[in-house]
Amino acid sequence: MPPFKLKDTGDFMDADLKDSLKNFLANSAAKCKILVVGDVMLDTYYFGEVSRISPEAPVPINHVLKTKNTLGGASNVAHNLALLGAHTSIAGYIGDDHHGQALVDLLLARGIDYFDLVHTSKPTTAKIRVIGGHQQMLRLDFEDVTPFVGIESDKLIQNISKQIDEPESLNAIIISDYGKGACTLETCQRIIKICQSKKIPVLVDPKGSNWQKYSGADFITPNLKELNDVLENPIQNVDSQIEVAARYVCKKFNIKNIIVTRSDKGLSIIQRDKISHIKARAQEVFDVSGAGDTVIATFSLAYAGGIDPQIAAYLANLAAGVVVAKIGTYAVSRDELLQALQ
């Protein structure tokens with residue numbers, strides 16, 4: 001494959017470069033082995049129609065027409081990677097309940113290696129959404145966000161260490177933090193230190209204001225709100241302010257590079273010696289949920305495959321553009337991304 005060089009940081013890329021990206025997705029992505037660590041979740045949707053009010057209480061009655069289970073949280077990151085063709089595995093915690101079984105069934109169906117999941121006495125994190133027509137009516141959350149420590153955390157690290165030590169080495173590890181207890185400071189730091197010793201890049205999708213737990217990570221991919229969560233004075237969605245804030249948090253938390261997703265303004269990638277602001281792909285936006293998962297999955301796959309980070313960010317931005325045009329949690333496929341590259 002020819003070397004990747006950035007010729008433009010906006011929407012235009014020359015035909016040769018696009019052909020190289022297509023070749024990577026079609027032929028080389030399958031050689032990349034990536035582990036996702038974090039808060040695995042099940043997303044369940046009940047789709048129906050509402051035509052009357054209950055006689056029992058003043059609430060609408062939703063006649064359910066369809067039920068859909070999807071992979072959420074860290075599981076959705078893994079789902080994106082698998083659909084893009086990567087050799088994908090996942091590590092985290094699930095409960096011995098019907099939500100956990102439904103989640104494992106989905107992972108199995110997508111070809112994602114789930115044997116590093118640790119079974120616990122806590123419930124599997126699940127979000128149940130009730131949709132009437134095109135309107136979300138209700139959400140039910142099943143979760144226990146108490147941090148996983150002690151034996152459970154040790155077991156997770158053991159599983160991850162075994163995979164790192166396998167002859168076919170990992171090309172990258174993604175930490176997908178949804179604040180549900182899997183990504184504690186101790187767990188994240190143990191993972192990052194192990195990966196540093198093995199020269200395996202670590203990429204983080206953060207949550208909350210304690211970014212010290214991500215210290216030493218190669219890349220972090222917050223959205224604007226998440227970036228503001230760690231700043232004393234919130235910034236606006238302006239290039240110059242993004243640049244200053246990004247440099248500040250990278251220095252403060254010892255993080256090498258940062259990608260800030262900026263909704264309708266696309267994303268910005270700030271490295272030690274390079275800055276690029278990549279415009280959003282112009283289209284109608286239906287739902288931004290899951291777009292961050294798509295960004296870190298696509299970027300990590302491209303970066304793990306040897307693509308220049310600026311080009312990998314362009315590809316990730318393109319993938320996010322596909323996802324926001326869908327309703328609900330959605331994972332972009334290789335064919336969809338190839339089509340977007342046309």
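This is a short talk through the sheets, two of the helices, two loops and one cavity of a predicted model.

Let's start with the sheet of eight strands. Its order is S4-S1-S9-S10-S11-S12-S13-S14. The sheet is open, and its pairing is mixed. Which strands sit at the edges? They are S4, residues 87–91, and S14. Each of these pairs on one side only.

Now look at the S4 edge. S4 runs parallel to S1, and 5 bridges join the two. For a landmark, find Leu35: it stands opposite Ser89 in S4. Is S4 covered or open to the outside? S4 is mostly covered, with 4 of its 5 residues buried.

Go across to the other edge. Here strand S13, residues 267–270, meets strand S14, residues 275–278. The two run antiparallel and share 4 bridges. They make a hairpin, with 4 residues between the strands. One pair to find on screen is Ser268 with its bridge partner His277 in S14.

Next, a helix on this sheet. Helix H8 covers residues 291–304 and packs on the eight strands' sheet. Which strands does H8 touch? The list is S1 (33–38), S9 (172–176), S10 (202–205), S11 (219–220), S12 and S13. The direction of H8 makes about 170° with that of S10.

Pick one residue in H8: Thr298. Is Thr298 buried or exposed? Its relative accessibility is 2%, so Thr298 counts as buried. The cut-off for buried is under 20%. What surrounds Thr298? Set aside its neighbours within four places in sequence. Then Thr298 is in contact with Leu84, Leu315, Ala316, Ala319, Val332 and Leu337.

On to the other sheet. This one has 4 strands, in the order S3-S2-S7-S8. It is open too, again with mixed pairing. Its edge strands are S3, residues 60–73, and S8, residues 135–142. Both pair on one side only. From one strand to the next, the twist averages 20°.

Within this sheet, look at S2, residues 40–53. S2 and S3 pair in the antiparallel sense, over 13 bridges. Met41 is a good place to check: its bridge partner in S3 is Gly72.

A helix packs here as well. Helix H2, residues 74–83, lies on the sheet and touches S2 and S3. The direction of H2 makes about 70° with that of S3. Why call H2 largely enclosed? Because 9 of its 10 residues are buried, the rest of the structure largely encloses H2. The buried ones are Ala74, Ser75, Asn76, Val77, Ala78, His79, Asn80, Leu81 and Ala82. After H2 comes Gly85. The phi of Gly85 is positive, near 105°.

Two other residues have positive phi without being glycine. Take Asn254 first. Where does Asn254 lie? In the loop between helix H7 (239–253) and strand S12 (257–261). The phi of Asn254 is near 55°. Its relative accessible area is 47%, so Asn254 is partly exposed. The cut-off for exposed is over 50%.

Now Ser263. Ser263 sits in the loop between S12 and S13. Its phi is also near 55°, positive in a residue other than glycine. Relative accessibility here is 60%, so Ser263 counts as exposed.

Last stop: empty space inside. How many cavities of 30 Å³ or more does the structure hold? There is 1. The volume of the largest cavity is about 90 Å³. Its lining is made of 13 residues. Lying nearest the centre are Val40, Tyr93, Thr125, Phe148 and Lys180. Strand S5, residues 93–95, gives the largest share of the lining, 3 residues. What classes of residue line the cavity? The lining has 6 nonpolar, 4 polar and 3 charged residues.

To recap, here are some places to revisit. On the sheet of eight strands, follow H8 to the buried Thr298. On the sheet of 4 strands, look at H2 where it touches S2 and S3. Then find Tyr93, among the residues nearest the centre of the largest cavity.

Terms used. Residues are numbered from 1 along each chain as its sequence is written. This is a predicted model: local features need pLDDT of at least 70, side-chain atom pairs count only at pLDDT 80 or more; totals for chains, interfaces and linings use all residues. Side-chain values use heavy atoms; hydrogens and water are left out. Two strands pair if DSSP finds at least two bridges between them. Axes are lines fitted to C-alpha atoms, for helices over the stretch in contact, and angles run from 0 to 180 degrees between N-to-C directions. Contact means heavy atoms within 4.5 Å. On a 1 Å grid over the protein atoms alone, a cavity is a set of points where a 1.4 Å probe fits but cannot get out, and a pocket is an open set with protein on both sides within 12 Å along at least five of seven lines; lining residues have an atom within 4 Å of a point. Grid points are joined across faces, edges and corners, and a volume is the space filled by probe spheres set on the points. Ala, Val, Leu, Ile, Met, Phe, Trp, Tyr, Cys and Pro count as nonpolar, Asp, Glu, Lys and Arg as charged, and the others, Gly among them, as polar. Buried means under 20% relative accessible area, exposed over 50%, partly exposed in between (1.4 Å probe, protein chains only).
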